[in-house]
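Visitor: Please take me on a close look at one chain, from its overall build to its surroundings.

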Amino acid sequence: MSSPPDLLASYRQVRAAHDEMLTADGRIREHWAHTGRVLNDLGLDELLDRRDTASRLLDDDGVTYNVYGQDDPSSAPAPAAAPWGLDPVPLLLTSDEWAGVELGVIQRAELFNLILTDLYGPRQLLRRGVLPDELVFSHPGFLRQCDQIRVPGSQQLFTTAVDLARDGSGRCTVLADHTQAPSGAGYALENRVVVSRVFPSLYRDSQVHRLAPFFRTLRTSLQDYAPPDTDDPRIVLLSPGPWSETAFEHAYLAAHLGYPLVEGSDLTVRDGRVWLRSLGRLERVHVILRRTDAWFCDPLELRGDSRLGVPGLVEAARLGGVSILNTLGSGLLENPGLLPYLPRLSEHLLGEQLLLPSVPTWWCGDEDGRRHVLAHLDRLVIKPIARGAGPTAVFPWELSRDGRDDLRRRIEAQPAGWVGQESLDLASAPTLTPTGLEARPTVLRAFAVARHDSYTAMPGGLTRVAGSAGTSPRISNQAGAISKDTWVLASEPEKLSGFWLAAGAPVAATDPEASMSSRAAENLFWLGRYAERAEAMARLVRTAHDRRNDFQRGANPAGTECLQVLLTALTRVSSTYPGFVGAGGADRLAGPGEELFQLVVDEKRPGTLAHAVRHLLGAVQAVRDQLSTDTWMVVGTLDREIRELRDSDPHRPMVVQHTLSRIMQSLLALSGLAGESMVRDPGWRFMDAGRRIERSLQLAALLRATITVERSTATDSLLLESVLIAAESIITYRRRYRSQAQVETLLDLLVVDADNPRSLASQLDQLAVDLRLMTSLDHGSRLSEPERLVLEASTALRLADTAVLAGPPRADGSRPDLDDFLTRILELLHRTADAIDRDRFVHLLPQQSLLAPT
Amino acid sequence: MTYRVVHRTEYRYESEVSSSYGELYVLPRDVPGQVCRSSRVRIEPEPRDFRERTDFYGNRAVYFAVLEPHTRLTVTAESTVDVSRPGSISLPADQAWEASRDRLRLDPGDDAFSARGFLLDSPKVVVTPAVAAYAAHSFPSGRPLTEALTELTARIHADFAYKPGSTSVRTTLAELLDGRQGVCQDFAHLEVGCLRSVGLAARYVSGYLETRPPPGRPRLVGADVSHAWASVFVADVGWVDVDPTNDRFVSDRYVTTACGRDYGDVSPLKGVIYTESKKNELHVSVDVAPLERLD
């Protein structure tokens, strides 16, 4: 028996660069000793197991990062949602080390705040020549439209992030600043949640500084920015939508902070103020935590082609009716051309030496800078001063001679648009790989948020690790980087402060209706509808499969006929014509395998199971801030199963059957969550109404497609049994009516029995309750349009005499009374859905730009 | 001269527009040689929001929002403006253009500081090597600025055909140099680009021309619509306006509305509307009439 390899002994620094765990002479640093020992004792196999656990936890929480095509973000409208990569081995920092970094990060935020305040105010830095005009005026992040706009308080810069690396001597250096709409804090929090669960005792023993206080500061600071005319500010998080790179984080933060997640179309400007299009009314918004790039925020004054913004938003900000954070225009500070000027600016504005050096940078708009850059093209990283089309960094040594000449010409033609930066050997940190711990380059993103007259830094941050061991200077999530939790080790147990539990008078709860956008309600409604549609489809397909297995040989005419009725019912209920009904229907009935498979897996075709699941997932994405975290466990499984099904073999129906069962399980789990874990607020009412309407529609359509025609007794007894199975009522039916199946008793159970949760009567009753409670708007005793329609349907149902409806058919076997009755119910249900859509949801017409030519 | 300016813009939509948000640059600002005595804007239907402000460049911008359904939107701006501009510049005949360029860089005054913002490329005026080459011809070293300016303006006038509809608001300078035809806006952009290419601060000016000239005076090209020209910052003198479309210095037959880096900063009307309408009809009329003197 060989002893397992020693993980620490085999860990090697690969380069001369600083290593986080090892000293230059290969000894383990003191603050890594405990963690190193624990990792070593656990051994490689156990660590890999824990890594899998971490991945599963992230998967269960639905943590993703949307990856676009490398060069052109616009080329891929629907990006791939990549799972969030997390290395379970944390990055460790001592309290002392961190104290230095923290001071530097806070100082930098204060400095950037003063620069921002000046550049959108008196511009003394330019007038006095401290900064060259061109550096500011030629930067597309300088938004002249937003000049002189101020938010309350002295901190015009609300939040900032800095990417930090260690140079060879271990000193922290800033690689880049993020001031537009910094991302990553939410991912850092999620990393902490996961790693502390994967290494519970190591985490406990290590006395790690907690992240929660940072987010509490974020919350209270946001309140402080509210315009002075309110005591009870409404705060929203503005996101570009579910396709944005960091969409997960937007929803995660919104849910964590308790603010509505909104998109541009959820907001509107009038009377110089911003309003949330809420359910049936407009609700004032006081503070916008902005995650949409400024250029896209107002199609009137900023980018005219933006579909992510709110026309008039700049005007509202100008009038002080809303505070937008970070302020529109803050992206100017991301200009790397500022870096060479920071030491001087720090002296000038703060009277202090700059604590954190920036990576050595030369701005080509300055003559000496340009000369230096052009003379050292072989070893400097070249970057445009603003993000835009094209790559964010060019590595001239990777270019051909022609490529380099071309770059040189572009710099010479437009020098102010470029900087050259030294390429740092990034410090490495131990990262788990299948073969052991590997030294990989890392970058730490630290975060600061305004607090009173200064800033608070998140203790730790988001550490990112290169996707491979090489010396690639690129560490970006788009390029496959993964992340680490960052532990700042407290020297003594941390005192808890800033409790969630607050003293003082009870705070009034926010009216849930007022904090929900009409778009969120609409998505919840459709979430309910698609969930039921998927479930009904899965049941019906499964029932058809079963009959097919029973009577595949075609020896039993009744069995064959029953199968054919079920197949045509599938087409009719799901409106997937021609299917088994229209052109080519007879051929498909003779060999139904392929069409049955397509009805399950073809997500592009409306009416299929996959289509319903895909739209269900889309609706879930759009309202993820409203749903419990457990939802993700279920939704993630659903997503995987539908993909598995697509890749499965259509000629092995057993596999399809099996997967169908698992999809059913997920759908049932989802409806269980909706029933057991969601507050009955108006949002829930919309979702439930969607379910009730859809279940009723599916059932009425199924009945109409099957039992409105009488067939032979043998066929009908098989068919009625199948209908009861598909409607999930067979057990009750058998228990209650021991005799042979009859249309009349079937109608009693599936249509009029309000105690059967699968009956039309019970669905309409529940729908009526949902409609009454989905709005607190007082209509007096007047019924709304949807309520009237539902009352009409349920009255018709209650007055129906099932004996008459099921009575003796005409000579041709048809039951016109039953058909008319079901047709009427279907029509009323469709009109109810339309009325909800029309009355309750906001419908914006398409946005257009006007530009009058001279 | 005193003018009464009426600038009317009307949109007709094929189907209902639920709301319109707009930004207007149709009110004359005060500049040396021009005072706006009175002005007002009427918008129909009645806007829910309406505010005038002064923008980054000192222009008068109007924000409005019409929040009731409509199929027609009209914006009528009326103003009374006094202008007194010589239509020439008085510079020492021998002052080289480089002197103005160099003095701008060092001038600590506020006017020069603002002017320096107009040295750089802007979204619609990108100085390509072709633009610089076109300009270089007019700026040999040591040439007096007045002469260079006059010659550049005359050259643009001669080299480019005035042809409405041949270009759009998206036409670039490179395309203009290839096509050799355009409208006042294009010529103004080109002149601005040429001036910037040699290191002079230049801005784009939008405004109007006298529509009905008194007997004996020719009607200028570009009357009846909004007009545009270029302006260059001259040390010790200030902004000097030239009109390449009519090959002349701007005189008291011109009314200035707004100045910016290019058309994009000061377009007379831009907006965002919400509608299914596929066809939007636009009618613009401008009338610049001299007022009878009441003496």
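Guide: Gladly; here is a walk through chain B, starting with its overall build and ending where it meets its partner chain.

A word on the ground rules: this is a predicted model, where local features need pLDDT of at least 70 and side-chain atom pairs count only at pLDDT 80 or more, while totals for chains, interfaces and linings use all residues. Residues are numbered from 1 along each chain as its sequence is written, and chains are lettered from A and ligands numbered from 1 in the order in which they are written.

Let's begin with the outline. The C-alpha atoms of chain B occupy a box of roughly 60 × 50 × 40 Å along the principal axes. Its radius of gyration, taken over C-alpha atoms, is 20 Å. That agrees with a compact globule of 295 residues, which would have a value near 19 Å (the rule is 2.2 Å times the number of residues to the power 0.38). Of these 295 residues, 46% are buried, meaning that 20 or more other C-beta atoms, placed from the backbone, lie within 10 Å of the residue's own.

Within that outline, chain B holds seven helices and 14 strands; these are DSSP runs numbered from the N terminus, helices (H or I) having at least four residues and strands (E) at least two. Much of the folding links distant parts of the sequence: among contacts in chain B with a separation of 6 or more, 76% are between residues 24 or more positions apart. Two residues are in contact if their C-beta atoms, placed from the backbone, lie within 7 Å.

Chain B is also divided into two parts. Domain 1 covers 2–83 + 267–290 and domain 2 covers 97–266, with bounds from an automatic or database domain assignment. Their centres, taken over C-alpha atoms, are 25 Å apart. Where these domains of chain B touch, 23 residues of domain 1 meet 21 residues of domain 2. On the domain 1 side, strands E1 (2–24), E5 (70–83) and E14 (280–290) of chain B each supply at least two residues, and E14(B) gives the largest share with six. That side has 17 nonpolar, four polar and two charged residues (nonpolar: Ala, Val, Leu, Ile, Met, Phe, Trp, Tyr, Cys and Pro; charged: Asp, Glu, Lys and Arg; polar: the others, Gly among them).

Now turn to the partner chain. The contact between the chains takes 34 residues from chain B and 27 residues from chain A. E1 and E14 of chain B appear here again, each giving two or more residues, alongside strand E4 (60–66), helix H2 (110–116), helix H6 (184–197) and strand E13 (269–275) of chain B. Here the largest share of the chain B side, seven residues, belongs to E13(B). By class, the side of chain B that touches chain A has 19 nonpolar, nine polar and six charged residues.

E13(B) deserves a last look, for it is also joined to a strand of chain A. Five bridges link E13(B) to strand E21 (residues 847–851) of chain A, and the two run antiparallel; strands pair if DSSP finds at least two bridges between them. To find this pairing on screen, look for Val272(B) in E13(B), which stands opposite Ser849(A).

Key:
A residue is buried if 20 or more other C-beta atoms lie within 10 Å of its own, exposed if 12 or fewer, and partly exposed in between; C-beta atoms are placed from the backbone.
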